Amino acid sequence: MRGATSAKWVAGAVIVAMAATACGTGKDDAGSKAGGNITVVLGEPQHGLVGQNTAESEGAEVLNALFTGLVSYDNKTNEPQLAAAESIESTDSKTWTIKVKDGFTFHNGEKVDAKSFVRAWNWGANQDNAAEGMPFFTKIEGSEELAPGKDKKPTAKELKGLKLVDEKTFTVTLKEPFSQFKTMLGYNAFYPLPEAFEADPKKFGEAPIGNGPFQMDGAWDHNKQIKIKRYDKYPAEGRAKLEGVTFKIYDNLDTAYNDLRSDNIQIVDKLPISAMATVSQEFGDRYIYKPESGVGYIGLPLEQNPEAFGKPEVRKAISMAIDREAITKTIFNGTRKPADDFISPIIPGYRKGALGEAGTYNPTKAKELLAQAGGVPGNKLELGYNADGGHKEWIEAVANQLKANLGIEVTAKPFTKFGDLLDDLGASKYKGAFRMAWVMDYPAAENYLRPIFSKVAIENGSNYGHYVNEEFESTLAAADKATDPAEGLKLYQKADDIIIKDLPYIPVFTYMSSSAYSKTVKNVEVDAQGRMDLAKVELN
């Protein structure tokens with residue numbers, strides 16, 4: 001979301017809804033309407049539409065249609081598969097040789113070649129550009145020269161670990177072996193960029209030139225819409241069926257769902273809480289319910305507000321005072337599951353019940369722990385959330401539980417947009433607890449740890465709590481170096497155990513995909529990152 005996905009950080013109710021705005025121009029052999037235009041409902045992205053600077057779900061949704069990375073992920077198994085890459089090979093998990101497929105061009109006609117990826121990665125790795133995806137390039141040799149740290153200037157313009165071999169081929173040398181590097185390459189931080197990007201990166205973000213099945217149809221109309229159209233020179237096997245898509249920017253899920261029910265919108269891939277009790281009966285087999293990669297948290301600003309959240313006993317008390325079962329059943333009608341690990345259940349490395357006592361509802365013990373830790377300043381807490389994502393009900397439920405079970409005053413504070421909350425957290429302006437969620441950038445246990453809780457993710461990642469633990473850092477490093485995948489996974493689980501002990505964030509629930517669509521659309525697929533596969537969608 002993100003991401004992490006940035007992954008992606010999830011606006012929470014990451015919404016993608018679609019509506020037919022024009023009829024097709026005929027029927028194909030399978031009886032579907034050829035072409036046609038639809039509308040996709042979205043939240044306002046946080047930044048310009050550049051893969052290296054997108055760590056939230058709204059921007060990632062659009063980029064997924066505009067760009068094709070070296071690898072993609074199977075919608076059913078989450079296994080990485082070659083996309084823009086012809087091959088990705090290594091004998092030691094440290095030096096990788098990547099060959100780019102023929103046949104891909106950018107939407108301005110530029111050829112997608114090895115230099116397209118090297119250009120993009122060098123830009124993303126340079127701290128002067130302050131890209132959200134910068135931490136993903138720290139594994140590559142020479143990254144410290146491009147990102148030497150606060151109050152220092154880069155001493156190089158290119159990663160020395162990237163070498164062009166020929167037009168189609170480049171090599172990547174990592175600082176240490178990392179067996180999951182190939183899996184990582186489907187994340188949007190590794191998307192290519194055309195030469196045209198270099199002229200004006202900011203302007204590019206308003207109307208990006210990608211290499212995906214869709215291209216921009218005009219510039220981004222902020223807080224209103226983003227329009228895209230089919231790119232007819234995309235390789236035939238992945239070419240979009242639709243003529244165009246409009247991402248209409250909504251700030252209310254109930255409005256989107258009402259549009260679906262009145263046949264103005266054809267697909268909503270995240271439903272409002274108000275729909276949960278009746279959607280399965282109303283839509284029948286047009287209601288999709290399956291596990292997603294997202295984990296919902298209560299985040300804690302450890303460095304910004306140590307008086308309130310600095311003690312692990314306080315954090316554990318808050319966790320044990322939350323009735324996860326009641327929230328997922330009563331508020332979400334079963335469309336969330338109680339979280340019992342920091343790693344999603346659909347990812348290898350997840351362990352059922354890993355949170356242990358900290359994830360077990362026990363209000364009596366929670367109140368005792370809080371009292372022993374000396375309570376919280378003023379006996380008050382604030383809990384921030386973004387109002388554009390359908391979070392009001394569950395956040396207020398958590399606030400009421402903490403008030404009843406811990407005997408403290410808890411105020412729920414709405415932020416108008418998810419980007420507003422992220423901006424205040426990134427600038428260390430907000431010192432209350434906060435609603436947060438993470439959708440995987442790529443399917444690996446490591447992706448639920450480093451992008452959220454590592455030191456490198458404080459300045460240019462998603463460690464909004466500014467959590468630091470040296471044992472966690474060294475355990476992650478050891479896991480990265482493991483050449484045996486099984487041994488590496490055990491070490492990532494050990495790092496997970498350190499997070500469970502410290503509780504820098506409090507996992508509350510894991511996401512289930514809850515989507516609904518009308519009779520007039522088919523081939524609807526939502527991946528584990530909550531993104532629509534728009535290229536496959538057709539009108540009936």
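Biologist: What's the relative accessible area of Lys-111?
Modeller: Lys-111 comes out at 38%, so it is partly exposed; buried would be under 20% and exposed over 50%, with a 1.4 Å probe and protein chains only. This is a predicted model, where local features need pLDDT of at least 70 and side-chain atom pairs 80 or more, while totals for chains, interfaces and linings use all residues. Residues are numbered from 1 along each chain as its sequence is written, and side-chain values use heavy atoms, without hydrogens or water.

Biologist: Which side chain does Lys-111 meet in a salt bridge?
Modeller: That's Asp-102, at 3.9 Å from N to O. A salt bridge here is a Lys or Arg side-chain nitrogen within 4 Å of an Asp or Glu carboxyl oxygen. Both residues belong to a salt-bridge network with Glu-86, Glu-167 and Lys-168.

Biologist: And which residue pairs with Lys-139?
Modeller: Asp-480, with the closest N and O atoms 3.1 Å apart. The two are 341 residues apart, Lys-139 in the loop between α2 and α3 and Asp-480 in helix α16. Helices are DSSP runs of H or I, at least four residues, and strands are E runs of at least two, numbered from the N terminus.

Biologist: Are those two buried or exposed?
Modeller: Lys-139 is buried at 11%, and Asp-480 is buried at 8%.

Biologist: Switching topic, at what angle do α16 and α17 pack?
Modeller: About 165 degrees, with axes 8 Å apart. That makes them roughly antiparallel; the cut-off is over 145 degrees, while under 35 is roughly parallel, 65 to 115 roughly perpendicular and the rest oblique. The axes are lines fitted to C-alpha atoms over the stretch in contact, with angles from 0 to 180 degrees between N-to-C directions.
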